[in-house]
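User: Can you walk me through this one? I'd like to start with how the domains sit.

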Amino acid sequence: MHEHLSWLPKASADFSRSVSLATTGAELQELAKFSLDENQLGKLANRLSYLRSNGFSLAPLVLVNIGLVSNATTKLLTPALVGTALRYGISLTVEQTEYNQVAQTAFSTEAVFAGKDLSAILLAIDYRGLPLTPAPGNRVAADQNIQDCFSYVRSAIESLHTNTGAQIILQNIAPPVETPYGSFEGRLPGTLSWLVAHLNRELDCLLSDHTLILDVAGLASNVGLTNWHDPTLLNIGKLPFSQRYTPIYADYVCRILASKLGKSRRCLIMDLDNTLWGGVIGDDGLNGILIGNGDPTAEAHLHLQRTILELHDRGIVLAVSSKNEDATARIPFLEHPDMLLREHHIAAFQANWSDKASNIRAIAEMLSLGLESMVFLDDNPAERLQVRKELPGVAVPELPEDPALYARTLIAAGYFEAIAFSEEDQMRASFYQGNVKRIQVLNQSSDMATYLKSLEMEMISTPFDANGRARIVQLISKSNQFNLTTKRYDEVDVKNFQEDGNYFTRQIRLTDALGDNGMISVIICRKNAAIWEIDTWLMSCRVLGRRVEEAVLMDIVSNAKKSGAIKLIGTYCPTAKNVIVKNHYEKLGFESLSCDHQSETWALDLTQYHPPELPISLKYAI
Amino acid sequence: MKLPNQALGQTTLNAAQFIIQGLTPIFRDVFDDDELVISEVTTAPDVEGWDSLANIRIMVSIEKAFGVRFAAAEISRLKDVGTLAELVLRKRANV
């Protein structure tokens with residue numbers, strides 16, 4: 001499954017030809033969405049490099065530059081990384097160091113990566129590249145050796161980060177295959193396996209704003225360590241692992257890069273008949289469908305539901321798209337005793353006879369999520385094909401014949417890669433369900449002002465702090481629509497803004513009668529004596545149309561005035577996704593200063609500003 | 001890979017036929033050159049980009065396509081594409 005990226009459709013026979021004819025970034029991105037081997041990924045990388053150096057437009061690819069440091073040969077890895085990054089809409093360049101130059105790169109005073117502007121460095125060390133010194137049976141020496149190895153890795157990270165400002169993607173250590181003590185190996189302190197296991201545990205605790213873990217140990221154990229380690233290739237070319245896992249390794253790396261850019265998916269749309277349960281509810285009826293314990297097919301679907309519920313619990317929004325009568329489709333959720341998924345888990349429920357692509361579009365609109373946030377799970381190859389064709393942004397995994405493998409395939413595809421976990425992730429799914437309720441409330445009360453008042457909104461506005469940082473970074477990297485400048489900042493940048501006295505920062509939460517919306521807006525302003533400039537203004541689309549932006553402006557203005565400013569400058573940088581805020585500053589009473597196709601600049605005279613009456617009570621922190 | 005072991009069937013190919021039907025698609029894939037022509041006497045200096053890393057890619061691609069495995073010594077003994085073809089055919093016969 002992992003070796004062949006079996007959740008991706010197979011490439012057509014004329015793949016090579018299609019690559020050689022591609023002239024845009026968008027075409028290359030589509031070609032990268034097949035299950036490709038390392039040679040095919042190399043073709044994509046070659047073509048990208050050709051387009052890049054011949055001035056072709058690479059839109060809509062995002063340019064990302066990373067460094068690669070390893071104790072092994074990585075030259076065969078680079079083309080696979082570049083080809084795979086296209087799958088995630090990334091035009092990747094890789095600055096690599098020579099074979100076995102980890103210490104030289106990390107600790108050298110001449111910065112190897114100087115002037116490269118790297119957004120991340122992949123630190124790919126395996127157990128052969130660490131000062132591991134087995135001492136079977138000697139606990140003291142074993143503990144000391146773990147600490148030595150840990151310090152080595154940590155100082156390499158710190159040094160690379162200090163020299164480049166880049167985030168470090170650290171791969172953990174795949175255990176060795178040859179274990180002389182057999183089953184006793186893991187219990188005996190100081191054996192190589194024991195040292196690697198304990199070091200990995202230490203690395204997991206290596207919490208810092210600028211370190212992310214690439215779980216190579218997990219990947220290697222998933223595919224099997226005897227497959228992963230290839231001693232022949234190691235001896236011939238110092239290849240760190242079997243070349244056949246290069247595509248999945250590259251995919252693991254690119255998932256993290258994409259996640260850093262806010263490209264992880266957030267919503268799972270599920271088919272019902274023969275996907276969530278076995279059989280067809282409309283034909284087989286409540287007692288005829290297969291879900292629950294006691295039957296192998298029913299247990300396979302139950303396992304899928306359990307996995308999906310875990311995704312829900314970690315904040316993935318669930319939706320249903322099914323060709324069914326609405327009432328019929330809902331029966332199992334309401335009445336079947338063995339269903340794990342219930343109506344309250346589902347944020348949007350589309351059961352009708354329209355085509356799936358239209359329904360997915362409707363779901364995206366209902367949930368205010370982009371199609372690039374969606375995964376669509378369906379057992380029917382024809383439906384999958386239709387959705388892939390109509391909505392290329394939606395991820396549609398190929399599923400094997402056997403439903404027992406559905407859950408594994410969904411997870412192996414890595415759509416929901418997380419680089420941080422905030423308390424709000426836990427609660428997010430229920431926010432979205434609250435939102436659907438809100439739409440219904442609105443339909444019943446025709447008067448907008450009365451509706452907003454009935455929400456009893458309270459806005460809590462505080463400067464950036466360490467507790468909010470993970471969520472602030474998440475909003476900054478994920479918000480595309482209500483985002484005036486779409487500037488992306490990582491944890492380090494956000495910490496810097498927080499500590500720099502020249503910046504005014506705000507994390508803004510909103511609660512209302514229906515629940516806590518969590519953090520819904522982030523503001524960064526540069527403070528100049530008389531003029532404040534809004535560097536970043538973004539809001540979660542969950543709270544659109546609630547006059548929250550007016551309340552946020554009120555907060556900024558009152559602080560700006562307090563510090564003696566008389567003018568507020570706002571910038572709008574148009575992108576394909578933020579048309580929604582095109583008239584943002586105009587609506588708030590700003591006047592246009594200048595305008596070209598890259599950006600518009602707007603100004604507000606603070607001496608003329610009058611705070612409006614708002615249906616939101618404001619709480620400011622100092 | 002487009003050429004799984006079975007695609008060539010059970011017919012016995014000689015080295016020259018195997019180079020055309022079995023190895024040429026792999027070489028074209030590795031060197032990203034759909035026009036590449038190889039024969040029994042082709043050696044590394046004849047093909048642009050055939051360095052030690054390309055050599056590994058060729059071997060790995062052949063291993064995958066034909067379900068065989070090479071030892072390092074077998075690879076270092078190879079003189080040209082002809083001896084490579086013979087080695088693969090020998091291994092396939094023993095699979």
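User: How far apart are the C-alpha centres of domain 1 and domain 3 of chain A?

Analyst: They lie 39 Å apart, C-alpha centre to C-alpha centre. This is a predicted model, in which local features need pLDDT of at least 70, side-chain atom pairs count only at pLDDT 80 or more, and totals for chains, interfaces and linings use all residues. Residues are numbered from 1 along each chain as its sequence is written, while chains are lettered from A and ligands numbered from 1 in the order in which they are written.

User: How many residues does each of those two domains put into the contact?

Analyst: Domain 1 of chain A gives 5 residues and domain 3 of chain A gives 5 residues, with contact meaning C-beta atoms, placed from the backbone, within 7 Å. On the domain 1 side there are no nonpolar residues, 3 polar and 2 charged. For those classes, Ala, Val, Leu, Ile, Met, Phe, Trp, Tyr, Cys and Pro are nonpolar, Asp, Glu, Lys and Arg are charged, and the others, Gly among them, are polar.

User: And where are the domain bounds in chain A?

Analyst: Domain 1 is 61–260, domain 2 is 267–412 and domain 3 is 454–620. The bounds come from an automatic or database domain assignment.

User: What does the secondary structure of chain A come to?

Analyst: Chain A has 23 helices and 17 strands, taken as DSSP runs numbered from the N terminus (helices H or I, at least four residues; strands E, at least two). The radius of gyration is 26 Å, close to the 25 Å from the globule rule for 622 residues, so chain A is as compact as a globular protein of that length. That radius is taken over C-alpha atoms, and the rule is 2.2 Å times the number of residues to the power 0.38. Along its principal axes, the C-alpha trace of chain A spans about 75 × 70 × 55 Å.

User: What share of chain A is buried?

Analyst: Buried residues are 42% of the 622. The count is of other C-beta atoms within 10 Å of a residue's own, with C-beta atoms placed from the backbone: 20 or more is buried, 12 or fewer exposed, and in between partly exposed.

User: Is Cys595(A) buried or exposed?

Analyst: Cys595(A) counts as exposed because it has 11 C-beta neighbours inside 10 Å. Its place is in strand E15 (residues 591–595) of chain A.

User: Now strand E6 of chain A. Are its faces covered or open?

Analyst: Both faces of E6(A) (residues 267–270) are covered. Cys267(A) and Ile269(A) on one side, and Leu268(A) and Met270(A) on the other, are all buried.

User: Which strands does E6(A) pair with?

Analyst: E6(A) pairs in the parallel sense with E7(A) (residues 317–323) over 4 bridges, and also with E9(A) (residues 374–377), parallel over 4 bridges. Pairing requires at least two DSSP bridges between the strands. Cys267(A) is opposite Val317(A) in E7(A), while Met270(A) has Leu377(A) in E9(A) as its bridge partner.

User: Next, chain B. How many residues make up its contact with chain A?

Analyst: Chain A contributes 16 residues and chain B 15. On the chain A side, the elements giving two or more residues are helix H3 (38–53) and helix H10 (231–237). H10(A) gives the most, with 5 residues. By class, the chain A side has 4 nonpolar, 8 polar and 4 charged residues.

User: What confidence does the predictor give the complex?

Analyst: The complex has an ipTM of 0.82 and a pTM of 0.72. Mean pLDDT, the predictor's confidence in each residue from 0 to 100, is 90 for chain A and 85 for chain B. Among the elements of chain A, helix H18 (residues 423–444) has the lowest mean pLDDT, 58, and E9(A) the highest, 98.
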